[in-house]
Amino acid sequence: MTKAELLEIIKNGENSGVEFKRDDIHPKDLAKEISALLNFEGGYILLGVEDDGTISGLTQDPRERERWVTNICRDRIEPAIIPYWETITLDSSEVVGIITLPADSPDKPYKAKRNSHWQIYIRVGTTSREARREEERRLHQASGLMRYDISPVPGTSQANLERRRLENYFRDILRQDCPPADDQEAWETVLLNTDILIANRGHCFATVGGLLLFGENPNRNLPQAGITATAYPGVQKEYATVDEEVVRGPLVSVFSRRGKLVEAGVIDRAVQFISRNMGTTAWLDNGRRRRKKALPVEAIRESVVNAVTHRDYTIAVTDIEVSLYSDRFEVISPGRLPNGVTVEKMKRGVVRAARNGLLKDILRDYGYMEHRALGVPELIVRAMREHNGTEPDLIEEETRFIVRLWKEPPAR
């Protein structure tokens with residue numbers, strides 16, 4: 001970091017990735033700030049800077065402070081880390097110590113030692129606080145330590161799964177033999193082996209992924225299951241709507257052996273909603289008037305499939321939002337991108353991480369997803385460029401991910 005960069009950071013003040021601290025901070029408090037930043041997106045801790053941005057400088061030898069920080073990161077952070085430490089001497093002769101913490105820490109959640117116990121902290125704005133249970137679960141999931149989609153759903157059993165869709169999947173999609181319809185034990189074995197059911201304390205529960213894909217009524221046990229689809233007449237949300245639908249039920253459709261749609265699931269119903277509401281665009285071609293859909297259906301489908309596959313299902317009572325406006329289409333998916341995934345990686349098709357592996361694998365079996373991780377670059381980015389020359393917006397915010405497709409190029 002240069003002196004100019006440091007002064008600019010101090011000038012901008014504390015934020016979710018920058019913390020100012022005197023260098024006499026207690027070790028347990030410094031450990032708390034370090035772990036919270038590691039559990040978010042990394043950042044900087046500036047030692048020798050007051051909360052209001054006043055530069056007080058280090059009060060001890062910088063080499064002693066470096067050893068002190070290193071010991072805290074070794075003894076009071078779990079798993080232990082090796083911090084990047086540097087100092088910058090300002091023109092006024094004060095020395096500022098800088099602890100740089102990486103953005104893509106692979107071992108989340110990080111814990112800080114607080115007296116005799118270990119605690120998980122998260123960053124919320126300019127403060128660090130203890131993580132709640134569901135927030136801890138998201139950190140485990142983001143690091144790949146927990147597969148939420150193969151977690152048991154309390155109060156469910158094989159009876160909560162729609163047998164017709166299961167038979168369709170194994171017989172017509174996978175081309176496998178199915179157990180007899182009345183052989184519950186044989187079906188239980190098949191579903192346990194494919195993570196659609198999970199055994200826990202002598203009982204077989206439907207997994208989160210199994211219920212989302214094949215459940216009779218997934219929303220009864222998982223309030224976050226489903227899509228809210230709305231078409232608005234203008235460019236903003238408003239009470240007056242053109243069309244709206246709360247899409248509930250299993251994610252997958254029923255198909256014939258030849259691949260013909262027999263009964264639409266949530267994914268196909270959401271795509272159908274957008275297709276019938278998106279309208280068309282018209283242009284003259286050698287004096288002849290031509291029309292086409294306002295947006296490419298393959299880009300719509302890929303956006304919806306990605307949302308249901310990769311959303312954070314630990315965020316309860318929050319639907320995926322699918323919205324159509326006069327100038328654009330949007331999908332808002334609850335949760336940030338999985339650990340290590342970035343927008344640029346998505347655009348290049350180099351993403352291998354998956355938050356919900358069971359959903360991804362089964363949706364690939366159906367053909368909803370392609371196998372080369374090129375859905376975003378091929379079916380969204382390239383499709384939009386070829387359709388109307390626009391670039392899709394892929395936006396990660398603090399608690400959600402947005403895909404935005406434009407009906408026309410922006411006015412110049």
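A residue is called buried when its relative accessible area is under 20%. In this predicted model, S275 has a relative accessible area of 16% and is therefore buried. The residue belongs to helix α9, which covers residues 266-277. When neighbours within four places in sequence are set aside, S275 is in contact with K293 and V297.

The same cut-off applies to A131. With a relative accessible area of 9%, A131 is buried, because this value falls under 20%. Unlike a residue of a helix or strand, A131 sits in a loop, the one that links β8 (127-130) to α4 (133-142). Once neighbours within four places in sequence are left out, the contacts of A131 are Q119, I120, Y121, I122 and E136. For one of these residues, Y121, a distance is also available: the C-alpha atoms of A131 and Y121 are 5.2 Å apart, although ten residues separate the two in sequence.

Strand β8, which precedes this loop, takes part in an open sheet of four strands. The order of the strands is β3-β6-β7-β8, and their pairing is antiparallel. Strands β3 (77-78) and β8 stand at the edges; each has a single partner strand, so one side of each lacks a neighbour in the sheet. Strand β7 comprises residues 117-124 and is joined to β8 by four bridges, the two strands running antiparallel. Within this pair, V124 has T127 of β8 as its bridge partner.

A helix also lies across this sheet. Helix α2, made up of residues 27-39, crosses β3, β6 (111-114), β7 and β8. The direction of α2 is at about 55 degrees to that of β7.

Helix α2 is also part of a second arrangement, a right-handed β-α-β unit that it makes with β1 and β2. Strand β1 consists of residues 18-21, and strand β2 of residues 43-47. The two strands run parallel and are joined by four bridges. Across this pairing, F20 stands opposite L46 in β2. Both faces of β1 are covered. On one side V18 and F20 are buried, and on the other side E19 and K21 are buried as well. F20 thus appears in two descriptions: as a buried residue of β1, and as the residue opposite L46.

Note on methods. Residues are numbered from 1 along each chain as its sequence is written. This is a predicted model: local features need pLDDT of at least 70, side-chain atom pairs count only at pLDDT 80 or more; totals for chains, interfaces and linings use all residues. Side-chain values use heavy atoms; hydrogens and water are left out. Buried means under 20% relative accessible area, exposed over 50%, partly exposed in between (1.4 Å probe, protein chains only). Contact means heavy atoms within 4.5 Å. Two strands pair if DSSP finds at least two bridges between them. Axes are lines fitted to C-alpha atoms, for helices over the stretch in contact, and angles run from 0 to 180 degrees between N-to-C directions. A crossover is right-handed if, with the strands pointing away from the viewer, the path from the first strand over the helix to the second runs clockwise.
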